[in-house]
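Hi everyone, and thanks for coming. I'd like to walk you through a structure that may be new to you, so please have a look at it while I talk.

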Amino acid sequence: VIPCQSKRDVFQKIRDRYPSLGNGEIDALAYATSCDKTDDLVMMITSDQRTIKVASELGVKTLTTLDFFKKVYELKLMTKEEIHELIPLLEKRMWLSSKALDNFRSEIDN
């Protein structure tokens with residue numbers, strides 16, 4: 001297993017250009033833009049709109065956290081019950097609107 005690690009010079013360039021982002025977002029963006037192989041598929045999972053905008057500017061594909069868990073459910077990597085057990089944690093740890101969570105619930109239930 002090779003640990004995911006961004007290049008420090010790339011990290012610093014992104015930090016200088018986008019100082020309003022947190023270190024975690026900057027590190028993920030630096031890693032995603034530092035891949036040595038052109039056939040490496042890198043996608044960033046985030047629901048932070050600023051980060052999504054910056055990722056788009058840098059050519060990094062993104063997937064929202066809820067879309068990630070929808071895909072996990074579709075691939076049968078988690079059951080409906082496990083997803084529903086996860087929702088309170090998402091509500092507590094993320095800034096998600098009630099409407100977004102209601103839509104997520106209904107998509108999982110259908």
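**A walk through the model**

Let me begin with one pair of side chains: R105 and D102 meet in a salt bridge, with 3.1 Å from N to O. Please keep in mind throughout that this is a predicted model. Both residues sit in helix 6, and because they are 3 residues apart there, about one helical turn separates them. R105 is partly exposed, at 25% relative accessibility, and D102 is partly exposed too, with a relative accessible area of 46%. As a general point, side chains of opposite charge can pair when their charged atoms come close.

Now let's step back for the overall picture. The chain has 6 helices and 2 strands. If you follow the sequence from start to end, the pattern reads α-α-β-α-β-α-α-α. The C-alpha trace spans about 45 × 30 × 20 Å along its principal axes. Of the 110 residues in the chain, 28% are buried. And if you take the contacts between residues at least 6 apart in sequence, 41% of them join residues at least 24 apart.

Next, a pair of helices. How are helix 4 and helix 6 arranged relative to each other? Helix 4 covers residues 65–74 and helix 6 covers residues 98–109; they pack at an angle of about 10°, and their axes are 11 Å apart. Angles under 35 degrees count as roughly parallel, so helix 4 is roughly parallel to helix 6.

Which residues make that contact? From helix 4 we have L66, F69, K70 and Y73, and they meet A100, L101, F104, E107 and I108 of helix 6. Sorted by class, the contact of helix 4 with helix 6 has 7 nonpolar residues, 2 charged ones and no polar ones.

K70 and E107 deserve another mention. Together with D67, they are linked in a network of salt bridges. Within that network, D67 forms a salt bridge with K70, and their closest N and O atoms are 3.0 Å apart. Because D67 and K70 are 3 residues apart in helix 4, about one helical turn lies between them. Are these two residues buried or exposed? D67 is partly exposed, with a relative accessible area of 32%. K70, on the other hand, is buried, with a relative accessible area of 16%.

How many salt bridges does a search of the whole structure find? The search finds 7. One more that I'd like to show you joins R50 and D48, where the closest N and O atoms are 3.8 Å apart. R50 is partly exposed, with a relative accessible area of 45%, and D48 also counts as partly exposed, at 23%.

Let's turn to the aromatic rings. The count comes to 1 aromatic pair. The partners are F68 and F69: their ring centres are 5.1 Å apart and their planes stand at 75°, so the pair is edge-to-face. F68 is partly exposed, with a relative accessible area of 29%. F69 is buried, with a relative accessible area of 15%, and we have already met F69 among the helix 4 residues that touch helix 6.

Here is a backbone detail for you to find on the screen. K76 lies in the loop between helix 4 and helix 5, the latter being residues 80–93. What is the phi of K76? It is near 60°, a positive value in a residue other than glycine. For background, most residues other than glycine have a negative phi. K76 is exposed, with a relative accessible area of 72%.

My last stop is R15, which you will find in helix 1, residues 8–17. R15 is partly exposed, with a relative accessible area of 31%. Leaving out residues up to four places away in sequence, R15 touches N23 and I26. As for Q5, 10 residues away from R15 along the chain, the C-alpha atoms of the two are separated by 16 Å.

To recap: we saw helix 4 roughly parallel to helix 6, a salt-bridge network of D67, K70 and E107, and an edge-to-face pair of F68 and F69. Thanks for listening!

Conventions. Residues numbered from 1 in each chain as written. Predicted model: local features only at pLDDT ≥ 70, side-chain atom pairs only at ≥ 80, totals over all residues. Heavy atoms only, no water. Axes fitted to C-alpha atoms, helices over the stretch in contact; angles between N-to-C directions. Parallel < 35°, antiparallel > 145°, perpendicular 65-115°, else oblique. Contact = heavy atoms within 4.5 Å. Nonpolar A, V, L, I, M, F, W, Y, C, P; charged D, E, K, R; others polar. Salt bridge = Lys/Arg side-chain N within 4 Å of Asp/Glu carboxyl O. Buried < 20%, exposed > 50% of the residue type's maximum accessible area, 1.4 Å probe, protein only. Phe/Tyr/Trp six-rings, centres within 6.5 Å; stacked < 30°, edge-to-face > 60°.
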